[in-house]
Amino acid sequence: EKDTYNLILIYDAETLEFTGEYYDLGTEYLDDGIPYCAVDGENGYLYCSPFQDVERILAFDLETMEFSHFIELSKKITRIQGGEVYDGVLYLSNDAKTGDDKILTVDISTGEVNTLCKRSLPSLAGNEAEGVTVFPMEDGGLIHVLDYDKTVGVYLRH
């Protein structure tokens, strides 16, 4: 039997030391871990979902870390490895396992799912799409993604 502990641990941003504070998100909706957490500070929620066969995003209240509500998605998505909220949109990193990896967008007010872009990094042993972050840069870069090439190394692209 597999044990799953869906814990959010709090670290001091200055020292990177564990504060001793943590939250247990439970396993009712997350029976196989937490593949990503995306903080929506503007609206006061932490979003996450299962890794596979995702039909809805879970929203937890940032003040209490109690489950708040679901965001029902317009279509099922799967293999989600990372997430980030920016300007009312949840950006998700999809590891398609077929070389057709994508960055998906979810409108957090409607649940509408769209493909922002496709991304892939061919390799002999396969590529694994990992996390995503959104950070505007002077050169116009906005979306930053991490890909893991199992034969060579890790790539950060924007």
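Select β1 (7-11) and β2 (18-24): each of these strands supplies at least two residues of a nonpolar patch. The model is predicted, and residues are counted from 1 along the chain. Now show the side chains of Y5, L7, L9, Y11, F18 and Y22, which make up this surface patch of about 660 Å². β1 gives the largest share of the patch, three residues. Y22 belongs to strand β2.

Stay with these two strands and move to the loop between β1 and β2, where T15 is placed. T15 is partly exposed, at 47% relative accessibility. Draw a distance from the T15 side chain to the backbone nitrogen of E17: the value is 3.2 Å.

**The cores**

Next, go inside. In soluble globular proteins, nonpolar side chains tend to be buried together. Here the largest nonpolar core has 17 residues, and Y47, I57, I77, L90 and L92 are those with the most contacts inside it. To see where this core comes from, colour β5, β6 (67-77), β7, β8 and β9 (101-107), each of which supplies at least two of its residues. A second core, of eight residues, is separate; among its members are I8, L25, L30 and F60.

Centre the view on I77 and show its surroundings. Leaving out residues up to four places away in sequence, I77 touches Q52, D53, V54, L92, L104 and V113.

**Two positive phi values**

One of the residues touched by I77 is D53, so select D53 next. D53 sits in the loop between β4 (45-48) and β5 (54-61). Its phi is positive, about 50°, although D53 is not a glycine.

Then go to the loop between β7 (80-86) and β8 (89-94), which holds D87. D87 is another residue other than glycine with a positive phi, near 55°. D87 is exposed, with a relative accessible area of 68%.

**R79**

Which loop holds R79? Select the loop between β6 and β7; R79 is there. Is R79 buried or exposed? R79 has a relative accessible area of 16% and is buried, because the cut-off for buried is under 20%. A polar atom of the R79 side chain lies 2.6 Å from the backbone oxygen of D95. Show the other contacts as well: apart from neighbours within four places in sequence, R79 is in contact with F51, Q52, S93, N94, D95, A96 and K97. Q52 can be kept on display from the earlier view, as it is also touched by I77.

**H144**

For the last stop, select strand β12 (residues 143-149), in which H144 lies. H144 counts as buried, at 9% relative accessibility. Which backbone oxygen lies 2.7 Å from a polar atom of the H144 side chain? That oxygen belongs to F135. With neighbours within four places in sequence set aside, the contacts of H144 are G131, V132, T133, V134, F135, M137, R157 and H158. Keep F135 displayed here, since this residue appears both in the contact list of H144 and in the 2.7 Å pair with the H144 side chain.

How values were computed. Predicted model: local features only at pLDDT ≥ 70, side-chain atom pairs only at ≥ 80, totals over all residues. Heavy atoms only, no water. Patch = residues over 30% accessible without salt bridge, like charges linked within 9 Å, V, L, I, M, F, W, Y side chains within 5 Å. Areas by Shrake-Rupley, 256 points an atom, 1.4 Å probe, with all protein chains shown as cover. Salt bridge = Lys/Arg side-chain N within 4 Å of Asp/Glu carboxyl O. Helix = DSSP H or I, 4+ residues; strand = E, 2+ residues; numbered from the N terminus. Buried < 20%, exposed > 50% of the residue type's maximum accessible area, 1.4 Å probe, protein only. Core = buried A, V, L, I, M, F, W, Y, C linked by side-chain atoms within 4.5 Å. Contact = heavy atoms within 4.5 Å. Polar contact = N/O pair within 3.5 Å; in protein donor to acceptor, adjacent residues only side chain to side chain.
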